[in-house]
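Me: Below is a model I would like to go through term by term. Please justify each label.

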Amino acid sequence: MIESSDIETVLECVGKTGVWMTACRAVITSHYIANFNDDQDQEINHDNEINKRKKEFELKSMEILKKKKDLINLTDKRMEIKYPTKFHFDPYSLYFISQLDTKDLILKTYDHYFNTMYDKEYKSLDQETKSLSRQELRKRELDKIENNFHSVLSWTDLMGTHIYYGVALRTHLIDQVFLDSYQHGIKQFVLFGSGLDTRAFRLALDSECTIFEIDLPGVIQFKKTAFREAIYEIPRASDCQVKYIPCDLLKQDWIGLLKQSGFESNKPTLWISEGLFQYLNVSAIESIGQQVQENSAPQSKYFIQTLMKTAPDAPPYPAHHEDALKMRANTVADEFQFTLLPDAKEYLIKHGFSSNIQQSFEMAEGFTSLYSFGSNQ
Ligand SMILES: C[S@@+](CC[C@H](N)C(=O)[O-])C[C@H]1O[C@@H](n2cnc3c(N)ncnc32)[C@H](O)[C@@H]1O
């Protein structure tokens, strides 16, 4: 059972952004389940052990999840929303979300950002909505969420659909990088700001693999407790070891803690920083780069996902009218420190990951997500 004090610690700290990410994955997973066709065996190459285990894990999880009406309501009208074909399956995300008081969290979040949203979106509101006072509109929108509440699908009422596209893409892309590195012999993985990442549970990895997850103590405590219940019902797809490193990357000797937990600098490592750097400062990011460089055996890799302000000449994001007062990426964007990593490529090169650098962009509304990946061989 999760203590409410654990939940509060997470929700009051920067860790709540990890909750948002898992909420996005829970919505995408619901849509994945709704569109899942058990008879289809497409894309599955049974010679490939990973694909085989992935399929088994998915089928078993589906069976359990489809029976759980409190987690997933396939008849809710919000399931009719059109999502891109790239859905993502993360059964644990549904458990995490359903264990929180999501109603309270969603209502508080909406209330917190309402004025910013109102000011930013006023011009795009229709005439009828504009005729309401700010307070009337606030009440109407909060009532709408309150009266039509569902622990997973109400996230769509809060954030609209735009944010999920990016999260589906990002999760899929990093899964591919992860599995590709594994198939090329990497057995050691370090996740900075791991939040409620579930790769250590849903990817088919062998028992020689170790995933080290670094995040704030409150986030890790919450995650460990939530997992105890989740994996009781949905056994993990992976045999890998998971080592949690509860620490504040801004204040603590994370590399010392990592080594104490069994990290070995002489083994090739995949380092992943996903959705983290916007919360750190320049010297912490530099120091992480330096420590990573000093502790990376040949054939290590470094993957960074970070945010940049959208280029001024970027085409406008196609906003949908019905989403007018949903929380948009650019509502929270004001709180990020975008200047921290303007040139991720230069950062990778500076810290020794200059081989096979690949970069890609994904445009959200208000900012661009930048994916940068390099290797030190
Ligand atoms: C946007 S979430 C991303 C979580 C996860 N990587 C994902 O993509 O789902 C950011 C994570 O960074 C963690 N974080 C932020 N500042 C941190 C710090 N100073 N030390 C350790 N973790 C931190 C938060 O607790 C949160 O879990």
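Me: Which residues point which way from β4?

Reply: In this predicted model, T269, W271 and S273 point to one side of β4, while L270, I272 and E274 point to the other. In a regular strand the side chains alternate between the two faces of the sheet.

Me: What makes β4 count as mostly covered?

Reply: A residue is called buried if 20 or more other C-beta atoms lie within 10 Å of its own C-beta. In β4, residues 269–274, 6 of 6 residues are buried. Both sets of side chains, those pointing one way and those pointing the other, belong to buried residues.

Me: How do you know that β1 and β4 pair?

Reply: Pairing requires at least two bridges found by DSSP. Strand β1 (residues 188–192) and β4 have 5 bridges, in the parallel sense, so they count as paired. One of the contacts joins F189 to its bridge partner L270 in β4.

Me: What links β4 to β5, and why is the crossover called right-handed?

Reply: β4 and β5 (residues 301–309) pair in the parallel sense over 5 bridges, and I272 has F303 as its bridge partner in β5. From β4 the chain passes through helix α13 (residues 282–294) to β5, a right-handed β-α-β crossover. The name applies because, with the strands pointing away from the viewer, the path from the first strand over the helix to the second runs clockwise.

Me: What makes a residue part of the shell around the ligand, and how many are there?

Reply: The C-beta atom must lie within 6 Å of the ligand. The shell has 20 residues, with G18, M21, G193, G195 and G275 the closest. Helix α2 (residues 16–34) gives the most, 3 residues. By class there are 9 nonpolar, 7 polar and 4 charged residues.

Definitions and conventions
Residues numbered from 1 in each chain as written. Predicted model: local features only at pLDDT ≥ 70, side-chain atom pairs only at ≥ 80, totals over all residues. Buried ≥ 20, exposed ≤ 12 C-beta atoms within 10 Å, placed from the backbone. Helix = DSSP H or I, 4+ residues; strand = E, 2+ residues; numbered from the N terminus. Nonpolar A, V, L, I, M, F, W, Y, C, P; charged D, E, K, R; others polar.
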